[in-house]
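Subject: Structure handover

Hello,

Here is the structure I promised to pass on. Please open it alongside this note.

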Amino acid sequence: MQIFKIAVLISGNGSNLQAIIDNFRDEVGIEISSVISNKADAYGLTRANREGIETHIVNHEDYSSREDFEKELIRILKKESPDLIVLAGFMRILSNLFISEYYGKLINIHPSLLPNYKGMDTHRRVLENNEEFHGVTVHYVDNSLDGGPICAQSKIKIDTKDQKKLEEQIHELEYKLYPDVIKNIASGKMRLYRGEVVKQ
Ligand code: GRF
């Protein structure tokens, strides 16, 4: 049986990583083959280690250029040949060097209803603008910042002014949406074809 291998790139807490681990723990045919963090103290590494998942630390500060940092990421990933690379709170901007290597196999989750609220600090900005809705987006990564082809979104009607509470609500959406999209890609129901997301 062919195993669909996922590599997850993180920088911090890794609660999305945890949701992915929990969703696929008993799923035959889908495996998290490795977790890579650019931060040695990322709590996500602890989450991965206690599941027996292989972990790597590639500290961007140890490299004189973004290119060298990304070459090291690629070197590690090439050894494992993952079918999908999942960015889950990975806080480094990736250049074309990395993106062109994995275009079509590289997805990200962003805490807003893209194309609205690209970039950082989305919950605060959404509240400040008195938006009616907020949500999350999973997208394929291309060279545009938070602008790649959209796989799926989920949204809520905002019922709070409390940023922390809103963030928690958004996290709950993420924990469901990201594994759902990964499942669809792994089963071949979703893929990137000529720059567009095709669903079957
Ligand atoms: C998530 O909100 C995700 O949308 C964003 O970074 C956050 C990561 O959180 N890209 P965690 O590390 O998964 O807890």
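Below is what I found, starting with the ligand. Keep in mind that this is a predicted model.

**The ligand**

Nine names make up the surroundings of the ligand: Asn 13, Gly 14, Ser 15, Asn 16, Gly 89, Ile 109, Pro 111, His 171 and Glu 174. Three polar approaches are worth finding on screen. A polar side-chain atom of Ser 15 sits 2.5 Å from a ligand oxygen. Asn 16 uses its backbone: an N or O atom there is 2.8 Å from an oxygen of the ligand. For Ile 109, a polar backbone atom is 3.0 Å from a ligand nitrogen. On its own, the ligand would expose 370 Å², and the protein buries 83% of that.

**Helix H1**

Ser 15 and Asn 16 belong to the buried set of H1. This helix covers residues 15–24, and 8 of its 10 residues are buried. The others in the buried set are Leu 17, Gln 18, Ala 19, Ile 20, Ile 21 and Phe 24. What lies over them? The cover includes S1, S2, helix H2 (43–49), S4, S5 and H6.

**Helix H3**

H3 runs over residues 66–80, 15 residues in total. From first C-alpha to last it reaches 22 Å, close to the expected 21 Å. Its buried residues are Phe 69, Glu 70, Glu 72, Leu 73, Ile 74, Ile 76, Leu 77 and Glu 80. Note that three glutamates, Glu 70, Glu 72 and Glu 80, are on that list. The buried residues pack against four strands, S1 (4–10), S2 (30–37), S3 (54–57) and S4 (84–87), and against helix H4 (96–102). After the helix comes Ser 81, with a positive phi near 45°.

**Two buried strand residues**

Asn 108 is in strand S5, residues 106–110. Is it buried or exposed? Asn 108 counts as buried because its relative accessibility is 11%, and the cut-off for buried is under 20%. Beyond its sequence neighbours, Asn 108 touches Leu 87, Thr 137, Val 138, His 139, Val 141, Asp 146 and Tyr 178.

Val 136 is in strand S6, residues 133–140. Its relative accessible area is 0%, so Val 136 is buried. Its contacts farther along the chain include His 110, Pro 111, Ser 112, Leu 113, Ile 170, Leu 173, Glu 174 and Leu 177. Pro 111 and Glu 174 are also among the residues around the ligand. Ile 32 is elsewhere: its C-alpha is 22 Å from that of Val 136, with their positions 104 residues apart in the chain.

**Helix H6**

Glu 167 is in H6, residues 163–186. Its relative accessible area is 23%, so Glu 167 is partly exposed. The C-alpha atoms of Glu 167 and Arg 124 are 9.2 Å apart, although the two are 43 residues apart along the chain.

**The S8–S9 hairpin**

Last, look at residues 190–193, strand S8. Met 190 and Leu 192 point to one face and are buried. Arg 191 and Tyr 193 point to the other face and are not buried. S8 pairs with S9 (residues 196–199) in the antiparallel sense, over 4 bridges. Tyr 193 stands opposite Glu 196 of S9. There are 2 residues between the strands, and in this hairpin Arg 194 has a positive phi near 50°.

Best wishes

Terms used: Residues numbered from 1 in each chain as written. Predicted model: local features only at pLDDT ≥ 70, side-chain atom pairs only at ≥ 80, totals over all residues. Heavy atoms only, no water. Buried < 20%, exposed > 50% of the residue type's maximum accessible area, 1.4 Å probe, protein only. Contact = heavy atoms within 4.5 Å. Expected span 1.5 Å × (residues − 1). Near = heavy atom within 4 Å. Polar contact = N/O pair within 3.5 Å; in protein donor to acceptor, adjacent residues only side chain to side chain. Areas by Shrake-Rupley, 256 points an atom, 1.4 Å probe, with all protein chains shown as cover. Pairing = 2+ DSSP bridges. Lists of a residue's contacts leave out its neighbours within four places in sequence.
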